[in-house]
Amino acid sequence: MQNISPSPIPDKVAQAILGAGRRLDQRNWVPATAGNISIRLPEGRVAITRSGFHKGQLSPEALMVVDLHGQPEQPGLRPSAETLLHCGVYRRFPEAGAVLHGHSIANTVLSRASGDHITLAGYELLKAFPGFATHEASVTLPVFDNDQDIARLQGVVQDRWAGMQEIPPGYVLRGHGIYVWGRDMDSALIRMEALEFMLECEFHERKTR
Ligand SMILES: [Zn+2]
């Protein structure tokens, strides 16, 4: 492994990513080497997990820095394949400070059975989202067909955003996983837990229909 010390990533940022990885792993949302996690750094830089590491057992060496177009700051280090989707969120939403991606059973199964969106309505946990004062509301998560060409996929995501009045707090890739962001890691984790809780409820509810 290439020696990247002294790390360009502040310790507090690294620890926030490592902690998020453990939390997602505890929930079983990042099996094998699935998922990726990032935090925005100042001056158009992003700290993100590298390809191929288990997110429940990350060390600072499993992280790297890219610019807002996914170019590695440290040549020779390979970013996660889906880095461009993180960068797309940071470019589109200047207020986004952290991005999470996970592969849960609920989001995988539901997205395979859905059209171009999943609506979550009437859940108490909707209050976890800014501007939602009551549970009498709904969140519509866009669902995109999965694509191994991540640049092309980011283009499709961007086009859908362009036509939306209100941008939802995340989106789902069909049969693949969810992307969620927040102003910082804590708020991204809260949104992810809220969305995954509601997706799991839908998953169980649909099984019994
Ligand atoms: Zn993925």
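In this predicted model, S59 is found in the loop that lies between β2 (45-49) and β3 (63-67). With a relative accessibility of 27%, S59 counts as partly exposed, because a residue is called buried under 20% and exposed over 50%. The C-alpha atoms of S59 and T49 are 9.7 Å apart in space, while the two residues are 10 residues apart in sequence.

Two further loop residues, N28 and A32, are notable for their backbone angles. N28 is found in the loop between α1 (11-26) and β1 (36-41), and the place of A32 is likewise in the loop between α1 and β1. Phi of N28 is near 70°, a positive value in a residue other than glycine, and A32 has a positive phi of about 55° although A32 is not a glycine either. Most residues other than glycine have a negative phi. As for accessibility, N28 counts as exposed at 54%, and A32 is exposed with a relative accessible area of 58%.

The model also contains a zinc ion, which is coordinated by E82 through OE and by H101, H103 and H176 through NE2, at 2.1 to 2.7 Å. Along the chain, these donors follow the spacing E-x18-H-x1-H-x72-H. The angles among the four donor atoms run from 83 to 156°, and the site is irregular; it is not counted as tetrahedral because that would require all angles to lie between 85 and 135 degrees. For comparison, the ideal angle for four tetrahedral donors is 109.5 degrees. Among the coordinating histidines, H101 is buried, with a relative accessible area of 0%, whereas H103 counts as partly exposed at 22% relative accessibility.

The strand β7 (residues 170-173) pairs with strands β6 and β8. From β7, G170 and V172 point one way and Y171 and L173 the other way, and all four are buried; in a regular strand the side chains alternate between the two faces of the sheet. Strand β6 (residues 138-144) and β7 pair in the parallel sense over two bridges, with F144 standing opposite L173 in β7. Between these two strands the chain passes through helix α4 (residues 150-162), and the resulting β-α-β crossover is right-handed. Pairing with strand β8 (residues 177-182) is antiparallel and is made by four bridges that join β8 to β7, and here Y171 stands opposite Y179 in β8. β7 and β8 form a hairpin with three residues between them, and G175 in the turn has a positive phi of about 65°. H176, which coordinates the zinc ion through NE2, follows G175 in the numbering.

A separate loop, between α3 (105-112) and β5 (117-121), holds S114. S114 is buried, with a relative accessible area of 14%, a value that falls under the 20% cut-off and therefore gives the residue this class. The side chain of S114 reaches the backbone oxygen of L110 at 2.6 Å. When neighbours within four places in sequence are left aside, S114 is in contact with R174 and R206.

Technical notes. Residues numbered from 1 in each chain as written. Predicted model: local features only at pLDDT ≥ 70, side-chain atom pairs only at ≥ 80, totals over all residues. Heavy atoms only, no water. Donors = N, O, S within 2.8 Å, 3.2 Å for Na, K, Ca; no water. Tetrahedral: all angles 85-135°; square planar, octahedral: opposite > 155°, others 65-115°. Buried < 20%, exposed > 50% of the residue type's maximum accessible area, 1.4 Å probe, protein only. Polar contact = N/O pair within 3.5 Å; in protein donor to acceptor, adjacent residues only side chain to side chain. Contact = heavy atoms within 4.5 Å. Pairing = 2+ DSSP bridges. Right-handed = clockwise from strand over helix to strand, strands pointing away.
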